[in-house]
Amino acid sequence: MPTGSTQALAAMHRGGETTTEPHRLLLQRMEPLFRPAPTTTTTGRNRDDRRLTKLLVNVTVDRSLWPVHLVLDADATVADLVRAAVAAYVREGRRPPLQTGTPADATDGFELHLNKYSLESLRLEEKVLDLGSRNFFLCARRSATGA
């Protein structure tokens, strides 16, 4: 016994076709679902020209319990990331408080590492996108006179 949807498909098609006609009708209606997508987007840009515009980055601050989550432009540098991380940490009122005057001079007081165990700090002019990681570790800059 045919179901309600099969009867509806059969009723849509007029004529004395065979019983396989509803299936053909269904395939014709589903055909747009299987066509390849157009190569241009609604803005007129080619899909192959799409590029990353924002980055979600996690920065763990030394002695802090959880990382600071930041969204940066794709062309942001390490210096931009340090400033944004310090500003977000201070704005959120996290503990322990950082020993810094203003977020503008954060690049002078802090250094960014790829992880907690890395001894080499990242250069301030490097692009975050080129580093190959989205997780970083921020700590106070080691003084040249200490140790």
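Mentor: Start with a term: on a 1 Å grid over the protein atoms alone, a pocket is an open set of points where a 1.4 Å probe fits, with protein on both sides within 12 Å along at least five of seven lines, and its lining residues have an atom within 4 Å of a point. This is a predicted model, where local features need pLDDT of at least 70 and side-chain atom pairs count only at pLDDT 80 or more, while totals for chains, interfaces and linings use all residues. Residues are numbered from 1 along each chain as its sequence is written, and side-chain values use heavy atoms, with hydrogens and water left out.

Trainee: What is the mean pLDDT of the chain?

Mentor: pLDDT is the predictor's confidence in each residue, from 0 to 100. The chain averages 79, with 61% of its residues at 70 or more. Of its elements (DSSP runs numbered from the N terminus: helices, H or I, at least four residues; strands, E, at least two), helix H1 (residues 4-12) has the lowest mean, 54, and E2 the highest, 96.

Trainee: Which residues line the largest pocket?

Mentor: Rolling a probe the size of a water molecule over the atoms shows where empty space is left. Here the largest pocket holds about 210 Å³, and its lining includes Asp-62, Arg-63, Pro-96, Phe-110 and Cys-139. Strand E4 (residues 135-140) gives the largest share of that lining, three residues.

Trainee: In what order do the strands of the open sheet run?

Mentor: Two strands pair if DSSP finds at least two bridges between them. The four strands go E2-E1-E4-E3, with mixed pairing. Strands E2 (68-73) and E3 (110-113) are at the edges with a single partner strand each, so one side of each has no neighbour in the sheet. E1 (residues 54-61) and E2 run antiparallel, joined by six bridges; Val-57 stands opposite Leu-70 in E2, and Asn-58 opposite His-69.

Trainee: Which residue has a positive phi although it is not a glycine?

Mentor: Most residues other than glycine have a negative phi, and most peptide bonds are trans. Arg-63 goes the other way, with a positive phi of about 70 degrees. Arg-63 sits in the loop between E1 and E2, a hairpin with six residues between the strands.

Trainee: And which peptide bond is cis?

Mentor: The one from Arg-95 to Pro-96, with omega near -5 degrees. Look for Pro-96 in the loop between H3 and helix H4 (106-109). Both Arg-63 and Pro-96 are among the residues lining the largest pocket.

Key: Points joined across faces, edges and corners; volume = space filled by probe spheres on them.
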